[in-house]
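User: I'm new to reading protein models and keep tripping over the labels. Can we go through a few of them together?

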Amino acid sequence: MAEQHWKENPKGFWAVSATPLLWTLLFFLVPMSFVWLYSFGSNVGLTEIEISGTLDNYKRATEWLYVSIFLKSLAVAALVTVICLVVGFPVAMALTFASEKWRPWLLLGIMLPFWTNLLIRTYALMMLLGTQGYANKTLGWLWDGASWLKVFFGMQPLPTWEPVQLLYNNFAVVLGLVYVHLPFMVLPLYSALDRLDKSLIEASLDLGAGHLRTLMKVVMPLAMPGVIAGVMITLIPALGAYLTPDLMGGTDSQMIANVIERQFKRANDWPFGAALSFVLIYAMFILIALQSLRKPRRGEAK
Amino acid sequence: MIALFNRTPRAPLEYTRTLWMRLWVGSVLVFLYAPLLVLMIFSFNDSKRNVVWRGFTTKYYEKALNNDTLVEALVNSLTIAGLATVFSLVLGAMTAVMLWRFKFRLKGIVDGTISLPIIVPEICLGVAMLIFFAWVDWPTDLIWPLNLSAITIAHITFCFPFVTMVVRARLASFNKEEEEAAKDLGASEWQAFRDVLLPHMRPALVAGSLLAFTLSLDDFVITFFTAGPDTITFPVKVYSMVRFSVTPEVNAASTLLIVLTVVLTAIALKIQGTRNLTVSHA
């Protein structure tokens, strides 16, 4: 039985579709169109906003200050995505080839942090990274160990260990975003690898290709849809991240979402904030369009 | 440990048994869990400054549970998550059935629009909700739980598309002949839905509700923009505590929420079995 034309069963159709459609219209499309309209408005008085059709807000968004923050957000998000891919791919491989007994537990191990509150995870990482935290202590021990080794071999000891600033800088933002987004990357990779026909890998190995070559020439191309899904699912939220740069970043690690927030809370320039929001949304659309432009090659798992 | 040193030779595809793979996965798990474990251990630390172990105490749990705003925030969050889950489940299942069952004009556009809240950055949705509720002049001084209505509405909006996604994936495996058979045997439209389609959707509904509950409980950004001056949720409260005064109370409250998450996950696993749950999520 194919899909039913709605006119064949209008009662059933409206029974399931009226509420969700109305909800989406009222609580999603209407609010979003307000943002869109506001982006063409200007402040008159303290709370009054006039929708005048001006393009000034968009013009201001192209000032170098904002363009540079935007480019920086993109660079941070791209870096985070690459790190997640490199770190996550072997994990997804391990999940795929794990024994039946271990696989569910390993999956659970990856997914449990994903279910844990984002703010709690960020706070936990902040505790660890502080100048008095364990990350610094571990580095200190390593440093002392290296110093001791040098003395042991008759060389000058290293200067005394000074705690390094691991928090409130760009490094912390990237680390925090990787920490938060890693499960997002692993899950789509795993679901693509899991569907892959294992006999193809065996064939490649039998025909004399090494493990690395098999990985690059056979596994990677076949897992491409999963890689792309993973990249999108990591890149998009990382680009719009607010909490991690806000809590873990320094004054120079503001990302675009922090600038938007400032327009609405402190700077009280709603029209400009609305314009920046839509610039971000358009960027998302471009990313998604780029991804769907890519033609699926023959033989790729869907 | 036995598994690490067993002697059966490794088959070519048993990548998980190679040493470097184990080390890699092990380090990733340490990276994911070490911060959470440290946080939980230090919730029992008898020190205000959080960093050096000074002995075991549960006084910060007492303090957290006696902190009225913290408890209120937690109750608010759980209420919002509960309400948002119920509504998202109904809306999400309806949408999934609509998109799976019917053919109609502009279906592609409707499909795309409904999944937009998944793609639109949280900050933009938060901003949209802020403008919307300011424009309709939504009352903020209502009695509990009505004062949570704006946040709940915002949460439903971004949660239900996820439920739709999960339920739709499950519906794809439904054999429509089963429904036809039921109807041939005299079941009404509603009976066929209730007795044939709904049981098939059940695992997806459990997974979807868990997802919606987690997403709602997790959300900070959208809530931050929608919350009135007097309504506070758990993430918003923790945010202000982390910002202004890091005390072991935050650790204690966080530990309680982590334990709650683990318990919920265990219940879901009990209902569904590990495999089902993880598959419908991925």
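User: What makes the meeting of the side chains of Glu261(A) and Arg266(A) a salt bridge?

Analyst: Keep in mind that this is a predicted model. The N to O distance between Glu261(A) and Arg266(A) is 3.1 Å. The cut-off is 4 Å between a side-chain nitrogen of Lys or Arg and a carboxyl oxygen of Asp or Glu, so the label fits.

User: And why is Glu261(A) called buried?

Analyst: Glu261(A) has a relative accessible area of 4%. Buried means under 20%, so Glu261(A) gets that word. Its partner Arg266(A) comes out at 61%; exposed means over 50%, so Arg266(A) counts as exposed.

User: How do you know that Asp269(A) and Arg60(A) meet in a salt bridge?

Analyst: Again, check the distance: 3.0 Å, N to O, and the limit is 4 Å, so this pair passes. The pair links distant parts of the chain, with the two positions 209 residues apart in sequence numbering. Asp269(A) sits in the loop between helix H11 and helix H12 of chain A, while Arg60(A) belongs to helix H2 of chain A.

User: Why is Arg60(A) called partly exposed?

Analyst: Arg60(A) has a relative accessible area of 30%. That falls between the 20% and 50% cut-offs, so "partly exposed" is the right label. Asp269(A), at 15%, is under 20% and therefore buried.

User: What makes Arg101(B) and Glu189(B) a salt bridge?

Analyst: Their closest N and O atoms are 3.0 Å apart, and the cut-off is 4 Å, so they qualify. This pair also links distant parts of its chain: Arg101(B) is in helix H4 of chain B and Glu189(B) in helix H9 of chain B, 88 residues apart. Arg101(B) has 6% relative accessible area, which is under 20%, so Arg101(B) is buried. Glu189(B), at 35%, lies between the cut-offs and so counts as partly exposed. Both residues belong to a network of salt bridges that also takes in Glu179(B) and Lys183(B).

User: Which salt bridge is there between chain A and chain B, and how do you know that it counts?

Analyst: The side chains of Asp246(A) and Arg243(B) meet at 3.5 Å, N to O. The limit is 4 Å, so the pair counts. The count between the two chains is one, whereas a search of the whole structure finds eleven over all chains.

User: What makes up the contact between the chains?

Analyst: Chain A brings 93 residues and chain B brings 90. About 8,600 Å² is buried between them, with carbon and sulfur atoms giving 78% of that area. On the chain A side, Trp23(A), Trp115(A) and Tyr123(A) lose the most area to chain B.

User: Why is Met98(B) called buried?

Analyst: Met98(B) has a relative accessible area of 0%, and the cut-off is under 20%, so it's buried. Met98(B) has its place in helix H4 of chain B. Leaving aside neighbours within four places in sequence, its contacts include Phe13(A) and Leu21(A) from chain A as well as Phe104(B) and Ile114(B) from chain B.

User: How do you know that strand S2 and strand S3 of chain A pair?

Analyst: They share four bridges, in the antiparallel sense. At least two bridges are needed, so they pair. One of the partnerships is Val44(A) with Glu48(A).

How values were computed. Residues are numbered from 1 along each chain as its sequence is written. Chains are lettered from A and ligands numbered from 1 in the order in which they are written. This is a predicted model: local features need pLDDT of at least 70, side-chain atom pairs count only at pLDDT 80 or more; totals for chains, interfaces and linings use all residues. Side-chain values use heavy atoms; hydrogens and water are left out. Contact means heavy atoms within 4.5 Å. Buried area is the accessible area (1.4 Å probe) that two parts lose on being put together, summed over both. Buried means under 20% relative accessible area, exposed over 50%, partly exposed in between (1.4 Å probe, protein chains only).
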